[in-house]
Amino acid sequence: MKKNSLLVVLLALASTAQAQRTAFLPGQPWPDNKGTHLNAHGAGALYDQGRYYLFGEHKIAGPKGNSAQVGVHCYSSKDLYNWQDEGIAFAVAPEGSGSEVEKGCVLERPKVVFNKKTRQYVMWFHLELKGQGYAAARTAVAVSNKPTGPYKYVRSYRPGAGQWPLGYKEEWKQPAPGEASLKWWTPEWRTAVTQGLFVRRDFTPGQMARDMTIFVDDDGKAYNIHSSEENLTLHVAELTDDYQGFTGKWNTIAPAGHNEAPAICKRGGKYYLLTSGCTGWAPNAARSFVASSIWGPWQQLDNPATGPDADSTYHSQSTYLLPVAGKKDAFIFMADRWTPKNPIDGGYIWLPLRFEGDQPRLRWADRWALSAFDQPQPKAVVAP
Ligand code: DGJ
């Protein structure tokens, strides 16, 4: 190659190469290694053999992009700031194939975990069948031998079919007189929800499963936590040893609390759950909970967000709490800034999650780095 042509090639390469990032810039466009804004919405992350893998909904431009047109996009990174495009890890089935995961279905909040027994990567996501809006309320599973895929579809579920939750009383197995006509949001109605109004309704077909996350505990047991009962109550359901099905052991969390977008972490033997309220694509104030057992009881704490825009979680909705490898009790709060008119533009809010005693805390930062976790945890503010 002549000297001049070599120079042209080098200059062209230099202009496409992305400057290496050394910090998180919440809410700013986040280019991948090719300079394209990350396309991984409702994401979760996996740390595997020294690399992080990010999995999220691949969105397209225009309102059609709120349903799945492509599948689940995967990126990988060594440092969490710079992400390499690994392509589509799970592809929707062709239009007209009749598959549950056919193009045009709703596929949200994919989460991938590794199963040490089967040596397989297991992806779960919220699935709504094409043309049925959000009525199907299913949770679905796909598997792969490699973190980046391709993931092969296994099946979908309504969890808990034919199984009562833990601690469910005998007298709650039959409808209470007049319960069907109770006015929503009244104290009597809340009691009826707690005593199984919707659990009974869905006992035979299985419980609804919309917004979801997966959590693997220190003992290797995994759980699917999802919004159920018309998004009124969260359910936690134990997965089988291969992480591809349900054992039938499950429980409710915050009955009638109207929570979605669950994101969970474990610290000092306690479980911390962050959620949002239910306002569609519009943001609202986050909620937080703590429990000593995944089965509860769960104690509701405060809105974890502080400062300006805390009431809208900085215009975002939680999707995952990412444990930072090699740093004790360091979790990144991952959230979405949805843009439903043009879903591909959706932004990412990643912030360090800190703890004031038991209270998870978020503070806005325009720019921050992992060294933020080396600072001491903030002190609890005691009311005068
Ligand atoms: C809020 C959920 O958290 C999202 O995942 C999505 O299901 C939207 N609702 C749809 O309105």
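The following exchange concerns helix α2 and the ligand site of a predicted model.

In this predicted model, local features need pLDDT of at least 70, side-chain atom pairs count only at pLDDT 80 or more, and totals for chains, interfaces and linings use all residues. Residues are numbered from 1 along each chain as its sequence is written, and side-chain values use heavy atoms, with hydrogens and water left out.

Reader: Which elements do the buried residues of α2 pack against?

Author: Helices (H or I, at least four residues) and strands (E, at least two) are DSSP runs numbered from the N terminus. In α2, residues 187-194, the buried residues (under 20% relative accessible area, 1.4 Å probe, protein chains only) are W189, A192 and V193. They lie on the same side of α2, because their arc, taken from the directions from the helix axis to the C-beta atoms, covers only 100° around the axis. Their packing partners, by contact of heavy atoms within 4.5 Å, are α3 (197-201) and β11 (233-239).

Reader: Which residue just after α2 takes a positive phi?

Author: The phi in question is about 100°. The residue that adopts it just after α2 is G196.

Reader: How much of the area that the ligand exposes alone does the protein bury?

Author: The side chain of E108 places an N or O atom 2.6 Å from a ligand oxygen atom, and for the side chain of R109 the corresponding distance to a ligand oxygen is 2.8 Å. Taken alone, the ligand exposes 300 Å² (Shrake-Rupley method, 1.4 Å probe). Of that area, the protein buries 90%.

Note on methods. Buried means under 20% relative accessible area, exposed over 50%, partly exposed in between (1.4 Å probe, protein chains only). A polar contact is a pair of N or O atoms within 3.5 Å; within protein, one must be able to donate a hydrogen and the other to accept it, and residues adjacent in sequence count only if both atoms are side-chain atoms.
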